[in-house]
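Let's walk through this model together, from the whole chain down to single residues. Keep the viewer open as you read.

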Amino acid sequence: MKHKLVLGYLLGVSSLLFSSLANSGQWYLQLDNDIIFGDDGNYTNGMILSWESTPSRSAIELPPPLKWQSNFAFHQDDAELAWGLKLIQQMWTPGEIEIEAPQSTDRPYAGYLALESHTAHYGNQWAQKNWFSLGVVGPASGAQQVQEFVHKITGSSPPLGWHQQVENQVTLQLAYEVDGLLIRGDLVNPVTSGDSQWELSGFSHSQVGNFRTETNLGLTFRWGNDLENSFGRLSHHNGHMGNVASVSQASSIIFYSRASIGYRLNDLTLDGSLPYDSQPQLENMQAGLVAGILWSHPTWSVGWSFNTYSREYQTDEAKWHGYGSLLFSWRL
């Protein structure tokens, strides 16, 4: 019953809020899939639809449910303030999806659906973001129906084990991230035949909740135009892209790379209740690498990234997995 109430809340609130925000700020769509790596297993697919307000240096009026989130940030004189919402669906599967019987030594099938809110402080040397999400893991996420439909229309192998996925459980998550500039310099960009910049920054990202609890440290390298005006828009947090349309005065290209290491305490996609005995044990130490490109204009942007991450459970024979992300943003 709880998961049905949460699912109804997610659909109702997201529909109401997203429709009321359709004519302002920036919309963002991210599609994740592991087909680019030929790795049909572990994190295999994600669809993320989000919105973020136009950043403002003056005080912004947050919706009442989000006012408390603005307290998760230290004061910044040069910061632009923004807030946003996200609807996210993700899925994880074992490596062999054509097997119907339980695969006790591989990771289980798991789906995740959540509605997430965030507030952000974007400065040219410091940036802060925080997120709060309410969701559900299990059949109520709709992941089974999505993967079965997509594989059917694309002629891919049918996933046969979803009837033994992680069972329904309501999730609550809090996350915080801070980015700090280490160095920024000027150079000539041969791609655009004009002046550009490069920069190196560090970040700390932590989240706590019954879905996942972990902390991560990392470095971000960027090369492109007007980097100080878009600092902090990238994030280690999955599916977050700050409002880049509001800072793009002309066509620009940014190349970026991110590396992180972290420690994970729990993962509901591995630890959740199952109708069979599952043996995979969580791998606490985590690492990840991301390389991408973002082409932005004053009203839209498009990007692509390659994402690799270390194994998430101890008996995984593959040390690394990966997926590609296709990114779109637009301003109405």
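The chain exposes about 14,800 Å², an area computed by the Shrake-Rupley method with a 1.4 Å probe, where for residues only the protein chains shown count as cover. Carbon and sulfur atoms supply 61% of that exposed area. This is a predicted model, in which local features need pLDDT of at least 70 and side-chain atom pairs count only at pLDDT 80 or more, while totals for chains, interfaces and linings use all residues. Residues are numbered from 1 along each chain as its sequence is written, and side-chain values use heavy atoms, with hydrogens and water left out.

How confident is the predictor? The average pLDDT (the predictor's confidence in each residue, from 0 to 100) is 88 for the chain, and 90% of the residues score at least 70. Confidence is lowest in helix 1 (residues 2-20), with a mean of 52, and highest in strand 8 (residues 212-224), at 97.

In terms of secondary structure, the chain has three helices and twelve strands. These are DSSP runs numbered from the N terminus, with helices being H or I of at least four residues and strands being E of at least two. Of the 332 residues in the chain, 52% are buried; buried means under 20% relative accessible area, exposed means over 50%, and partly exposed lies in between, with a 1.4 Å probe and protein chains only. Contacts (heavy atoms within 4.5 Å) often reach far along the sequence: among those between residues at least 6 apart, 73% join residues at least 24 apart.

Now to the interior. In soluble globular proteins, nonpolar side chains tend to be buried together. A nonpolar core here is a set of buried Ala, Val, Leu, Ile, Met, Phe, Trp, Tyr and Cys residues joined through side-chain atoms within 4.5 Å. The largest such core has 15 residues, and those with the most contacts inside it are Tyr-43, Ile-88, Trp-92, Tyr-112, Val-137, Val-166 and Phe-211. Strand 2, strand 3 and strand 4 are the elements that give two or more residues to this core, and strand 4 gives the most, with three residues. Apart from this core lies another, of seven residues, among them Leu-234, Met-241, Tyr-256 and Leu-294.

Two of the residues just named make good starting points. Tyr-43, not counting residues up to four places away in sequence, touches Asp-32, Asp-34, Gln-90, Met-91, Trp-92, Tyr-309 and Tyr-323. Phe-211 leads to Thr-171: the two are 40 residues apart in sequence but 5.7 Å apart in space, C-alpha to C-alpha. Thr-171 sits in strand 6 (residues 169-189) and has a relative accessible area of 0%, so it is buried. Besides Phe-211, its contacts beyond four places in sequence include Tyr-112, Val-137 and Leu-268.

Ile-293 offers a partly exposed counterpart, with a relative accessible area of 32%. This residue belongs to strand 10 (residues 285-296). Its C-alpha atom is separated by 7.1 Å from that of Ile-253, 40 residues away along the chain. Outside its neighbours within four places, Ile-293 is in contact with residues including Ile-253, Tyr-256 and Trp-304.

Helix 2 (residues 143-154) invites a quick geometry check. The expected span is 1.5 Å times one less than the number of residues, so its twelve residues should span 16 Å, and the end C-alpha atoms are indeed 16 Å apart. Which of its residues are buried? They are Ala-143, Gln-147 and His-151. Because these cover an arc of only 50° around the axis (taken from the directions from the helix axis to the C-beta atoms), they lie on the same side of helix 2. Strand 2 (42-52), strand 3 (80-93) and strand 4 (110-122) are included in what covers them. The face turned away from the buried side carries the exposed residues Phe-149, Lys-152 and Ile-153. His-151 counts as buried at 10% relative accessibility, and its contacts beyond four places in sequence include Asp-40, Ile-97 and Pro-159.

Finally, look at the backbone. Gly-155, which follows helix 2, has a positive phi near 75°. Asn-42, though not a glycine, has a positive phi near 60°; this residue is in strand 2 and is buried, with a relative accessible area of 4%. Asp-226, also not a glycine, has a positive phi of about 50°. Asp-226 lies in the loop between strand 8 and strand 9 (252-267) and is partly exposed, at 40% relative accessible area.
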